[in-house]
Amino acid sequence: MSRTAYTFTSESVSEGHPDKVCDRISDAVLDAFLAEEPNARVAAETFATTNRVVIGGEVGLSDQAKLHDYMGRIDDIARACIKDIGYEQEKFHWQTCKVTNLLHEQSAHIAQGVTGERGDEGAGDQGIMFGYATTETPGLMPAPIHYSHAILKRLADVRKDGTEPTLGPDAKSQLSVRYADGKPVEVTSIVLSTQHIDPDMTSADVRQVVEPWRHGMACEPHWEIRHWRP
């Protein structure tokens, strides 16, 4: 018998979270190669730390001699991603960060194992995912993760359009929803952590920036505001 009354919590991280920054760069590198060659085989991994980005992995092309021609674009791709996210800080800036490109030709042994006569083979070892669609939200996602994403999307919007210039790119939201009869009926708590540029801002200052966005919600959840400086 399934549960019908419970509280479910989901967490979301912003585009400025280090994991998301790395995913964004890796995805952009993949997209660049696929734009040139739809059947390209790309395994790109990105690592980011203080003012440094390292990109590594293997690339398989129909003509491996072309790989050298494409490599010069990797630096610009990484910097464009970081710029769009909004990192212009002393310790992580799209203009000054050091980008190390360690991409290289795909191993001949791997190429032999994943390339066949049909041309549609692949490694197939990248992970196992599970999930479900629901009518709880317009996006067909469960309510807790849908609204966790929405909070961070709103943060990014007001940061990028200049409405709240004191906010930084890195943020995290966590939202708990109470379910009754299997349906979401109340947001019981929201935790929001956000980076800010002004070193003099306190938790109370950050609350004044972000808390007004709760108005218009069907409930008055408990808010916990956390902050940190870059």
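User: Why is lysine 160 called partly exposed?

Analyst: This is a predicted model, and in it lysine 160 has a relative accessibility of 43%. Buried means under 20% and exposed means over 50%, so 43% falls in between and lysine 160 counts as partly exposed.

User: What makes lysine 160 and glutamate 15 a salt bridge?

Analyst: The cut-off is 4 Å between a side-chain nitrogen of Lys or Arg and a carboxyl oxygen of Asp or Glu. The closest N and O atoms of glutamate 15 and lysine 160 are 3.0 Å apart, so the pair fits. Glutamate 15 sits in the loop between strand S1 (6-13) and helix H1 (18-36), and lysine 160 in helix H5 (residues 143-160), so the pair ties together parts that are 145 residues apart in sequence. Glutamate 15 is partly exposed too, at 23%.

User: How do you know that aspartate 84 and arginine 24 make a salt bridge?

Analyst: Same kind of check: N to O is 2.6 Å, and the limit is 4 Å. Aspartate 84 belongs to helix H3 (residues 74-85) and arginine 24 to helix H1, so this pair links parts 60 residues apart in sequence. Aspartate 84 comes out at 41% relative accessibility, which makes it partly exposed, and arginine 24 gets that label at 30%.

User: What about lysine 153 and aspartate 157: where do they lie?

Analyst: Both are in helix H5, four residues apart, about one turn of the helix. Their closest N and O atoms are 3.0 Å apart, and the two form a salt bridge. Lysine 153 is partly exposed at 49%, which is still not over the 50% needed for exposed. Aspartate 157 is partly exposed as well, at 31%.

User: How many salt bridges are there in the whole structure, and which residues are linked in a network of them?

Analyst: The search turns up nine salt bridges. Glu15, Arg24, Asp84, Arg159 and Lys160 are linked in a network.

User: What makes up the largest nonpolar core?

Analyst: It's a set of 27 residues. To be in a core, residues must be buried, of a nonpolar kind such as Val, Ile or Phe, and joined through side-chain atoms within 4.5 Å. Ile25, Val29, Phe33, Ile55, Ile82 and Leu103 have the most contacts inside this core. At least two residues each come from H1, strand S3 (52-60), helix H2 (67-71), H3 and strand S6 (98-105). As a rule, nonpolar side chains in soluble globular proteins tend to be buried together.

User: Which residues does leucine 103 contact?

Analyst: Setting aside neighbours within four places in sequence, the contacts of leucine 103 include Val29, Phe33, Ala44, Ile55, Met71 and Ile74. Apart from the largest core there is another, of 18 residues, with Leu155, Ala171, Val187 and Val209 among them.

User: How many cavities of 30 Å³ or more does the structure hold, and what lines the largest?

Analyst: There's one. The largest cavity has about 50 Å³ of space, which puts it over the 30 Å³ mark. Its lining is Ala32, Phe33, Glu36, Tyr70, Arg73, Ile74 and Ile77. H1 and H3 are the elements that give two or more residues, and H1 gives the most, with three.

User: Why does the lining of the largest cavity count as having no polar residues?

Analyst: Ala, Phe, Tyr and Ile count as nonpolar, while Glu and Arg count as charged rather than polar. So the lining splits into five nonpolar, no polar and two charged.

User: What makes aspartate 181 exposed?

Analyst: Aspartate 181 has a relative accessible area of 68%, and exposed means over 50%. This residue lies in the loop between strand S7 (167-180) and strand S8 (183-196). Its phi is positive, about 55 degrees, although it is not a glycine.

User: And threonine 9: where is it, and what does it touch?

Analyst: Threonine 9 is in strand S1 and is partly exposed at 39%. Not counting residues up to four places away in sequence, threonine 9 touches Pro144, Gln174, Leu175 and Ser176.

Terms used:
Residues numbered from 1 in each chain as written. Predicted model: local features only at pLDDT ≥ 70, side-chain atom pairs only at ≥ 80, totals over all residues. Heavy atoms only, no water. Buried < 20%, exposed > 50% of the residue type's maximum accessible area, 1.4 Å probe, protein only. Contact = heavy atoms within 4.5 Å. 1 Å grid on protein atoms, 1.4 Å probe; cavity = no way out; pocket = protein on both sides within 12 Å on 5 of 7 lines; lining within 4 Å. Points joined across faces, edges and corners; volume = space filled by probe spheres on them.
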